[in-house]
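Trainee: I should like to learn how to read the features of a structure that is new to me. May we go through them one at a time?

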Amino acid sequence: QGKLHVIDEVNTPDSSRLCSVEEWETKYPKIAEQMATGKYKNVSELMKEQPALKLKEFSKQYVRDALLEMGFDPSKDKAAPRLSEEQVVECSYRYISVYEK
């Protein structure tokens, strides 16, 4: 079985960011290298320019990103748009994967 590595805070709804060790070991060095260039003010800017570096998190971030990509603005919109069946399946798959690990 795999091992779970805690890198940040533990189990806070908005700050826990969990991903597979393999993905972390593959993508984080590339992210750190890009950030060290000074070209980006923050990681969000880097992710916009290089979305392939985004970590596939085991969190609700997937849902947030999907809603934002659909044009949802939480500061203005009263209700969030419905997720597609494909998005719901992907989100479910992520949570099931975490449970099975």
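Trainee: Which residues of α3 are buried?

Mentor: Please bear in mind that this is a predicted model. A residue counts as buried when its relative accessible area is under 20%. In α3, that description applies to Gln61, Tyr62, Asp65, Ala66 and Leu67. The cover over the buried residues of α3 includes α4.

Trainee: How should one describe the way α3 and α4 are packed?

Mentor: Two packed helices are described by two values, the angle between their axes and the distance between those axes. Here the axes of helix α3, residues 61-69, and helix α4, residues 85-100, come within 10 Å and cross at roughly 160 degrees. Because an angle over 145 degrees counts as roughly antiparallel, α3 is roughly antiparallel to α4. The crossing in which α3 passes α4 is right-handed.

Trainee: Which residues of α3 and α4 meet?

Mentor: From α3 come Tyr62, Val63 and Ala66, and from α4 come Gln87, Glu90, Cys91 and Arg94. Sorted by class, this contact of α3 with α4 has four nonpolar residues, one polar residue and two charged residues. Tyr62 and Ala66 take part in this contact, and both are also among the buried residues of α3.

Trainee: What follows α3?

Mentor: Glycine 71 follows α3, and its phi is positive, near 95 degrees.

Trainee: Let us turn to aromatic rings. How many aromatic pairs does the structure hold?

Mentor: A pair of aromatic rings is described by the distance of the centres and the angle of the planes. The structure holds one such pair. It is formed by tryptophan 24 and tyrosine 28, with 4.4 Å from centre to centre and 10 degrees between the planes, and the pair is stacked.

Trainee: Where do tryptophan 24 and tyrosine 28 lie along helix α1?

Mentor: Helix α1 covers residues 21-36, and because tryptophan 24 and tyrosine 28 are four residues apart in it, about one helical turn separates them.

Trainee: How accessible are tryptophan 24 and tyrosine 28?

Mentor: Tryptophan 24 has a relative accessibility of 28% and therefore counts as partly exposed. Tyrosine 28 is partly exposed as well, with a relative accessible area of 38%.

Trainee: I now wish to consider the loops. Is leucine 55, in the loop between α2 and α3, buried or exposed?

Mentor: Leucine 55 has a relative accessible area of 18%, so this residue is buried. Leaving aside its neighbours within four places in sequence, leucine 55 is in contact with Cys19, Glu23, Trp24 and Lys27. One of these, Trp24, belongs to the stacked aromatic pair. As for distance, the C-alpha atoms of leucine 55 and methionine 35 are separated by 15 Å, and the two residues are 20 residues apart along the chain.

Trainee: Is alanine 52 buried or exposed?

Mentor: Alanine 52 is exposed, with a relative accessible area of 65%. Its place is in the loop between α2 and α3. Alanine 52 and lysine 27 are 25 residues apart along the chain, while 8.9 Å separates their C-alpha atoms.

Trainee: Which residues does lysine 39 touch?

Mentor: Lysine 39 lies in the loop between α1 and α2 and is exposed, with a relative accessible area of 54%. Not counting residues up to four places away in sequence, lysine 39 touches Glu45 and Glu49.

Trainee: How many helices and strands are there in the chain?

Mentor: The chain has four helices and zero strands, and its elements run α-α-α-α from the N terminus on. Along the principal axes, its C-alpha trace spans about 40 × 40 × 25 Å. Of the 101 residues in the chain, 23% are buried. Among the contacts with a separation of 6 or more, 48% are between residues 24 or more positions apart.

Key. Residues are numbered from 1 along each chain as its sequence is written. This is a predicted model: local features need pLDDT of at least 70, side-chain atom pairs count only at pLDDT 80 or more; totals for chains, interfaces and linings use all residues. Side-chain values use heavy atoms; hydrogens and water are left out. Axes are lines fitted to C-alpha atoms, for helices over the stretch in contact, and angles run from 0 to 180 degrees between N-to-C directions. Helices (H or I, at least four residues) and strands (E, at least two) are DSSP runs, numbered from the N terminus. Angles under 35 degrees count as roughly parallel, over 145 as roughly antiparallel, 65 to 115 as roughly perpendicular and the rest as oblique. A crossing is left-handed if the near helix is turned anticlockwise from the far one by less than a right angle, and right-handed if clockwise. Contact means heavy atoms within 4.5 Å. Ala, Val, Leu, Ile, Met, Phe, Trp, Tyr, Cys and Pro count as nonpolar, Asp, Glu, Lys and Arg as charged, and the others, Gly among them, as polar. Rings of Phe, Tyr and Trp (its six-membered ring) pair if their centres lie within 6.5 Å; planes under 30 degrees apart count as stacked, over 60 as edge-to-face and the rest as tilted. Buried means under 20% relative accessible area, exposed over 50%, partly exposed in between (1.4 Å probe, protein chains only).
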